[in-house]
Amino acid sequence: MSPSVPLQEMIRAIRSARTQCEERGVIQRECAAIRAQFRQSDNGGRSHNLAKLLYVHMLGYPAHFGQMECVRMIASPRYSEKRVGYLGAMMLLDEKQDASLLITNSIKNDLSHSNQYVQSLALCTLACMGSAEMCRDLAPEIDRLLRASNSYIKKKAALCAVHIVRKVNDLGELFTPAARALLSEKNHGVLHGAVVLITELCEKNPETLERFRKTVPDLVQIMKGLVISGYSPEHDVAGISDPFLQVRILRLLRILGRNNEAASDAMNDLLAQVATNTDSTKTVGNAVLYETVLTVLDIKSESGLRVLAVNILGRFLLNNDRNIRYIAMISLQKIVGTDHNAVQRHRGTIVDCLKDQDASVKRRALDLSLALVSASNIRSMMKELLLFLSSCPPELRAQAASGIFNAAERYAPSQRWHIDTILHVLTTAGGDVRDETVPNLIQLITNASELHCYTVHKLYRALLTDITQQSLVQVACWCIGEYGDLLLRGECQETEPVQVTEDDVLDALETVLQSHMSSPATRGFALTATMKLSTRITDNVDRIRSIVSIYGSCIDVELQQRAVEYNALFKKYDHMRAAVLERMPVIEKNSPGHTNGESTGTGEAVKEIQPAKLKQAESLLPPQPTNQVCDLLDLLGGSDETLQPSPAVSGSAPGLPISTGSSAGGDLLDLLGGLEPVPVTPAPTVSVYEKDAVTLTLGCEKQSDTSLTVTLTASNSSDSDISSFTLQAAVPKSVQLHMKAPSGDSLPAHGSAKVTQMVILNNPNKVNLKMRVRVSYTRQGSAFQDTVQIDSFPGL
């Protein structure tokens, strides 16, 4: 291929290449020819060669050797060469390249050029790749062009000023007067650029925001002119007059009216007019309506206007476009806490979205449905959610189960309904619930003493039906072990009377023990339940003894230890077996509002139990029979201290093994773990970062020789709130790092709340620990990011 072939011929040759290797050969030959011509001093085809090089760059091949040619062509007096040179600069250069500094003077000269198209090239290039230094040098020129008489130049100068404000926040004050004057322009392009510039200025500076609140009447008039104007071929899009400008004005009004009563009142009538007069049958109209809804919900609008906005979102839910339904549910999710009754009117439509085929729409509908559950609609909503749970995708089952648990705990009309609902979830999605579900349900069943008979009968039937749901099987085994005597009586008034024999119960537990689907934890529950039945039945104690002895040689260490300890109860401490295995006491609930490991969202802090309350609770415990207490205390081997017996000694939790030891006292008292509180020494903390009123402290707690827990605590002492606060950490490759979920992502002003991040470091090679932490947050609409290096850890 000849080096002088035109661009079209080169493109045709590249596209006709049959293999990637052949394509690379064509491009390498052409790049070599372009390099050779760049070296020639008299080169008449410079723009032609640079255009070909830009196409090569678009294909992903290196084209950096053309940067200096771009600089030379920008300085050329010919418009054709300037155009290609500026295009090359926008594609091949960025603010990190040193060559970008060489074009600053050329851009400054072209900004004063008599030809508006040359000025336009310079403005576009500066807005695309201008660095902070270039912006500072050329900002006065941009301010001058903002006051020019040419609308074509003012439009591009306004957008260039937006880039300058984003790069150098301090230069915003320079453009404020000119931006205010641009609102009087009639050209829609200039108005669009002015609104974008004012929006950027208001987001960057609170003082500028207050100044531009005076322009709300002007913006309202401009918006009214767009809404009531007739057909204009130049600006009409699907029957809407310049929807792009309308959307931009609505966004600016949202910023100006936020937390300001006067500005909000000035725009209420306009927003109502836009909401009622905009056509919602076209996508363009829906875009304007959506921005209107966001503005209404974000400012201090009237209650009737907010209801109108919610109704518009309700209409969006009926739209055939899934994207529109999706954004409607996102918006409703944000306001369901403040406008709960208005959103409730669309509950039926939201529930219908649970049947949508799109996974993202279904997920948002689930979030919104769970947020709409209240005491008045708990039964009807729970029917829909349970129906959804039975057919929902596997990736949504855990979220759905967790939400149902939380809603049931907050609004359950009765304990029986609560238990039935949780058992239904365990039967449907027992493998997708959190680990905390089992102990929480056991606690609920324990506290509902009048439902023990009903619950054990229902769980027994569920166990016979299906043993694949591990959570359900574990709860069933626990209930059978605790309340097996109620099951054998068959006198439950809540359900149909069923005659259950001792052999039937033991057969069910043996089935769980022998099933290959049972997890080790489930087998532990079943074995403990079998052991507890030895004090609740009379005819099959020998069978229980044989079952327990079989698992004394089990390959599972936990199950084996359990069986060996239970065998010791049968042989060495048989006289104490009844006292040790009697029914568990009522479990006190320390932190209300938690089910399935999640908070119910009430926002109430969990109060610590004070020592005085503990003593009062101990005094209310029921006394133990004297002979059982003496038997237990005798295991200590003649202790001089008088111990207060606890009901926890008399009932062994199925999930806990009985420890074995050399002394008899250690065998049973180890059930309680350590009774004495261990004093905790607070971990030392040190400040590792302090900048722009953001402080980050670090605390360390050594878990072992190789494991370390690091606590990072951030606070904000400034006058403005911080949002989107995140911490990212990096450590050497030989160190393993695990970051837990932070306590939040916002830092209120004046240090009223803090964000805590737990980091677990595992250093198996015991290298010198170093950690780099990246701090990212948003303040007053501006994003900030910084990095801190931590070389020393306190307490090590």
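Ala371 sits in helix 21, which covers residues 359–372. Keep in mind that this is a predicted model. Below is a quick tour: the surroundings of Ala371, then the nonpolar cores, the strands, the salt bridges and the aromatic pairs.

**Around Ala371**

- With a relative accessible area of 27%, Ala371 comes out as partly exposed, because that value falls between the 20% and 50% cut-offs.
- Leaving aside residues up to four places away in sequence, Ala371 touches Gln333, Val336 and His340.
- Gln344 is 27 residues from Ala371 in sequence, and their C-alpha atoms are 9.9 Å apart in space.

**Nonpolar cores**

- The largest nonpolar core has 183 residues, and the members that touch the most others are Ile142 and Phe175.
- Which helix gives the most to this core? That would be helix 27 (residues 470–489), with 12 residues.
- Phe175 has a long contact list once you skip residues up to four places away in sequence: Ala139, Ile142, Asp143, Leu146, Ala161, Ile164, Val165, Leu197 and Leu201.
- Another core lies apart from that one; it has 25 residues, including Leu708, Leu747, Met771 and Val788.
- As a general backdrop, nonpolar side chains tend to be buried together in soluble globular proteins.

**Strands: the open sheet**

- Strands 8, 11 and 12 make an open sheet of 3 strands, in the order 8-11-12, with antiparallel pairing.
- Strand 8 (722–730) and strand 12 (782–790) are the edges, each pairing on one side only.
- From one strand to the next, the twist averages 15°.
- Strand 8 and strand 11 (residues 771–779) run antiparallel and are joined by 7 bridges.
- If you want a spot to look at, Leu727 stands opposite Val775 in strand 11.

**Strands: around strand 10**

- Strand 10 (residues 755–762) has alternating side chains: Val755, Gln757, Val759 and Leu761 point to one face and are buried.
- Thr756, Met758, Ile760 and Asn762 point to the other face of strand 10 and are not buried.
- Strand 7 (residues 707–716) pairs with strand 10 in the antiparallel sense, over 8 bridges.
- Strand 9 (residues 736–739) also runs antiparallel to strand 10, joined by 4 bridges.
- Asn762 in strand 10 turns up in both pairings: it is the bridge partner of Ser707 and of Gln736.

**Salt bridges**

- The count comes to 34 salt bridges.
- Arg254 and Glu291 form one of them, with the closest N and O atoms 3.1 Å apart.
- Arg254 belongs to helix 14 (residues 243–257) and Glu291 to helix 16 (residues 283–298), so this pair ties together parts that are 37 residues apart in sequence.
- Are Arg254 and Glu291 buried or exposed? Both are buried.
- Arg78 bridges to Glu81, and here the closest N and O atoms are 3.4 Å apart.
- The two ends of that bridge sit in unlike settings: Arg78 is partly exposed at 49% relative accessible area, whereas Glu81 is buried at 5%.
- Arg78 and Glu81 also belong to a network of salt bridges that links them with Arg46, Glu69 and Arg72.
- Glu210 and Arg213 meet through their side chains at 2.4 Å, N to O.
- In that pair Glu210 is partly exposed, with a relative accessible area of 45%, while Arg213 counts as buried at 13%.

**Aromatic pairs**

- There are 5 aromatic pairs by count.
- The rings of Phe38 and Phe65 have centres 6.5 Å apart and planes at 55°, so this pair is classed as tilted.
- Phe38 lies in helix 2 (residues 20–39) and Phe65 in the loop between helix 3 (46–58) and helix 4 (67–74), so the pair ties together parts 27 residues apart in sequence.
- Phe38 is buried, with a relative accessible area of 11%.
- Trp478 and Tyr483 pair edge-to-face, at 5.9 Å centre to centre and 80° between the planes.
- Both partners are buried: Trp478 has 3% relative accessibility, and Tyr483 has a relative accessible area of 1%.
- Phe725, Tyr777 and Phe784 make up one aromatic cluster.

Key:
Residues are numbered from 1 along each chain as its sequence is written. This is a predicted model: local features need pLDDT of at least 70, side-chain atom pairs count only at pLDDT 80 or more; totals for chains, interfaces and linings use all residues. Side-chain values use heavy atoms; hydrogens and water are left out. A nonpolar core is a set of buried Ala, Val, Leu, Ile, Met, Phe, Trp, Tyr and Cys residues joined through side-chain atoms within 4.5 Å. Buried means under 20% relative accessible area, exposed over 50%, partly exposed in between (1.4 Å probe, protein chains only). Helices (H or I, at least four residues) and strands (E, at least two) are DSSP runs, numbered from the N terminus. Contact means heavy atoms within 4.5 Å. Two strands pair if DSSP finds at least two bridges between them. Axes are lines fitted to C-alpha atoms, for helices over the stretch in contact, and angles run from 0 to 180 degrees between N-to-C directions. A salt bridge is a side-chain nitrogen of Lys or Arg within 4 Å of a carboxyl oxygen of Asp or Glu. Rings of Phe, Tyr and Trp (its six-membered ring) pair if their centres lie within 6.5 Å; planes under 30 degrees apart count as stacked, over 60 as edge-to-face and the rest as tilted.
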